[in-house]
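Morning, everyone. I have one structure to walk you through today. Please bring it up on your screens.

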Amino acid sequence: MTLAGLFFSASGPSMPVASRLRDLTTSVCPLAMIGHIRVFVFVLLISLLARGAYCETAAQRGYRHLTERAYLPADFDQETFDQLWQVWPEPLRQQAAKATPRSRRDMAFKRYGLTYRPGDTTGRPLQYVVSASGEWTMNCFACHGGQVNAHSVPGAPNSAYALQTLTSDVRATKLRLGKPLARMEVGSLFMPLGSTNGTTNAVMFGVALMAFRDPELNIMRRRIPPPMIHHDMDAPPWWHFHRKKNLYIDGFAQKGSRPLMQFMLVEQNGPEKFAEWEREFQDVFAYLESLRPPPYDGLIDRALAENGRIAFERVCSECHGTYGLDGGEYPERMVSLAEVGTDPVRLRALNREHRRAYHESWFGKFGETDVVLEPDGYVAPPLDGVWASAPYLHNGSVPTLWHILNPARRPVVWRRSGTQLDPDRVGLQVEELTKVPRSAKSSVDRRAYFDTSRFGKSAAGHLFADELSRDDKLAVLEYLKTL
Ligand code: HEC
Ligand code: HEC
């Protein structure tokens with residue numbers, strides 16, 4: 001299919017009726033007309049009151065697409081989800097057997113790291129689209145929507161998502177119920193999904209899927225899968241999006257609506273689907289741009305935080321920028337691996353060939369967008385809302401901000417011990433260990449432990465806080481709560 005063909009179908013007959021109707025309602029949205037026809041302001045205000053319900057901003061549409069529209073084939077159905085507890089280990093299974101359906105669902109949400117949607121009372125998860133007929137389909141919030149201090153926050157990294165555990169429980173349940181296996185249950189036999197809860201092998205999913213496409217995204221089934229370096233990453237919070245020009249920890253890809261669509265590269269989605277859905281992803285783009293971090297919800301010692309600001313601006317700002325009422329300035333600075341010293345695996349795993357294939361494809365507008373083919377390090381992320389996005393570093397190896405500021409005290413192994421925020425160290429409540437205990441026999445149990453001695457999971461590096469005195473560290477910790 002030609003490029004023109006791709007675009008034609010975006011505005012041509014295959015455009016869904018629902019989105020045409022939506023366009024019609026937004027084009028007569030009174031809010032948009034007020035600026036142009038001032039004479040009719042009064043009349044329009046009245047009509048605004050009458051029709052306000054139909055006005056939806058692009059950002060609101062974006063959130064709706066993500067939570068209501070299945071861009072992938074369904075993962076499993078309601079019956080499968082409701083039966084998952086039957087394959088749980090004891091004593092969990094016994095507890096579930098005795099529980100009410102509602103608390104059994106709560107138990108399932110907890111086991112897999114799912115949360116309810118804010119402001120929604122239907123009991124649907126934020127992380128899956130659930131169709132009227134009960135089909136569950138993973139959405140972006142699976143990794144990009146989670147709990148902050150026990151509240152469900154869209155756009156916060158999902159630090160509890162247990163994709164591998166969910167997938168193996170779904171596989172066992174489907175086999176028990178005699179239902180056919182879907183993409184994830186089969187794919188996970190060839191590809192690790194995530195070896196620690198809260199992190200996923202997402203970057204390699206993209207590489208694997210792109211290997212079977214030509215630049216125009218036609219599916220090339222006969223190719224041989226490329227060698228891959230599997231590694232897990234912690235998803236970044238989406239409230240950084242508006243600050244950035246380039247995406248990902250190595251800042252390799254220019255920001256745009258197309259990069260947001262890589263997640264949809266499954267066999268069922270041919271090039272025409274990408275062209276058709278690009279408009280909706282412009283709304284998703286607007287939604288991401290609109291997000292801001294939640295304000296810190298505990299007490300802040302303002303005088304101490306002000307001392308912290310001074311120390312921060314002396315030691316940290318050259319890379320992380322400044323913050324404040326004026327919005328501050330974010331330098332988006334690439335720091336070489338030699339200087340930052342954090343885990344190198346992610347940088348190497350996405351190699352020059354992968355980046356080039358991305359650049360020359362539809363995602364990189366056939367070479368038009370900016371792509372860094374050989375980044376030599378990681379980009380220092382913005383720190384807005386950093387209190388709410390634990391764990392830290394791109395691989396999620398450091399559980400609290402205190403541990404970022406005290407590198408020598410970072411645990412070798414840690415495990416979450418609660419869903420609340422640790423207000424003293426600012427981050428996850430964790431139990432610290434020197435190795436994964438022998439009692440963690442099953443792989444499900446082992447995925448609860450973050451073991452920094454494993455490949456791609458190092459918590460080393462980023463020693464910049466060593467320049468700060470003990471008092472300055474305390475003050476910087478307080479300041480970080482205010483961002
Ligand atoms: C399986 C987990 C997973 C899913 C599902 C997922 N992402 Fe991500 N996303 C990640 C990870 C991990 C990264 C970090 C990758 C990196 O930096 O190399 C990321 C990075 C991003 C970034 C870059 C953010 C930044 O600050 O640089 C954006 C934007 C993004 N994802 C959007 C999306 C959208 C939109 C969807 C759904 C269409 C989606 N993601 C689905 C895991 C996921
Ligand atoms: C020379 C540049 C540089 C300096 C100076 C620096 N950082 Fe960083 N920082 C980085 C880079 C690069 C990363 C990303 C590293 C990674 O994820 O592997 C990072 C990551 C972080 C993170 C983790 C963010 C997240 O969302 O995971 C925090 C928190 C942080 N820095 C705080 C600080 C503080 C506080 C200071 C000052 C004491 C500081 N940094 C000084 C470059 C720097």
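Start with the fold as a whole. In the protein chain, take the contacts with a separation of 6 or more: 70% of them link residues 24 or more positions apart. Keep in mind that this is a predicted model. The chain has 483 residues, and 38% of them are buried. Its secondary structure comes to 21 helices and 12 strands.

Now the inside. Which residues touch the most other members of the largest nonpolar core? They are Ala 142, Tyr 161, Ala 162, Phe 274, Phe 281, Val 284 and Leu 288, out of 53 residues in that core. Several elements give two or more residues to this core: helices H5, H9, H10, H12 and H13, plus strands E2 and E3. Helix H13 has the largest share, with eight residues. Find Leu 288 on your screen. Leaving out residues up to four places away in sequence, Leu 288 touches Trp 238 and Phe 241. Apart from this core lies another one, of 33 residues. Its members include Ala 311, Tyr 323, Ala 459 and Leu 483.

Let's stay with H5 for a moment. This helix covers residues 58–68. Which of its residues are buried? Arg 61, Gly 62, Tyr 63, His 65, Leu 66 and Thr 67 are. And what do the buried residues of H5 pack against? Strand E2, helix H9 and helix H13.

Next, the ligand. There are 19 residues around ligand 1. Cys 140, Cys 143, Ala 202, Met 233 and Tyr 248 come nearest. Two elements give two or more residues to this shell: helix H9, at 141–144, and helix H12, at 202–210. H9 gives the most, with three residues. What kinds of residue make up the shell? It divides into 15 nonpolar, three polar and one charged. Note that H9 turns up twice: it gives residues to the ligand shell and to the largest nonpolar core.

Last stop, a sheet. It is open, has three strands in the order E11-E10-E12, and its pairing is antiparallel. Why do E11 and E12 each have one side without a neighbour in the sheet? Both strands stand at the edges with a single partner strand each, so one side of each is left free of a neighbour there. From one strand to the next, the twist averages 40°. Look at E10, residues 413–422: three bridges join this strand to E12. Across that pair, Arg 415 stands opposite Tyr 449 in E12.

That's the tour. Over to you.

Methods
Residues are numbered from 1 along each chain as its sequence is written. Chains are lettered from A and ligands numbered from 1 in the order in which they are written. This is a predicted model: local features need pLDDT of at least 70, side-chain atom pairs count only at pLDDT 80 or more; totals for chains, interfaces and linings use all residues. A residue is near a molecule or strand if its C-beta atom, placed from the backbone, lies within 6 Å of it. Helices (H or I, at least four residues) and strands (E, at least two) are DSSP runs, numbered from the N terminus. Ala, Val, Leu, Ile, Met, Phe, Trp, Tyr, Cys and Pro count as nonpolar, Asp, Glu, Lys and Arg as charged, and the others, Gly among them, as polar. A nonpolar core is a set of buried Ala, Val, Leu, Ile, Met, Phe, Trp, Tyr and Cys residues joined through C-beta atoms within 7 Å. A residue is buried if 20 or more other C-beta atoms lie within 10 Å of its own, exposed if 12 or fewer, and partly exposed in between; C-beta atoms are placed from the backbone. Two residues are in contact if their C-beta atoms, placed from the backbone, lie within 7 Å. Two strands pair if DSSP finds at least two bridges between them. Axes are lines fitted to C-alpha atoms, for helices over the stretch in contact, and angles run from 0 to 180 degrees between N-to-C directions.
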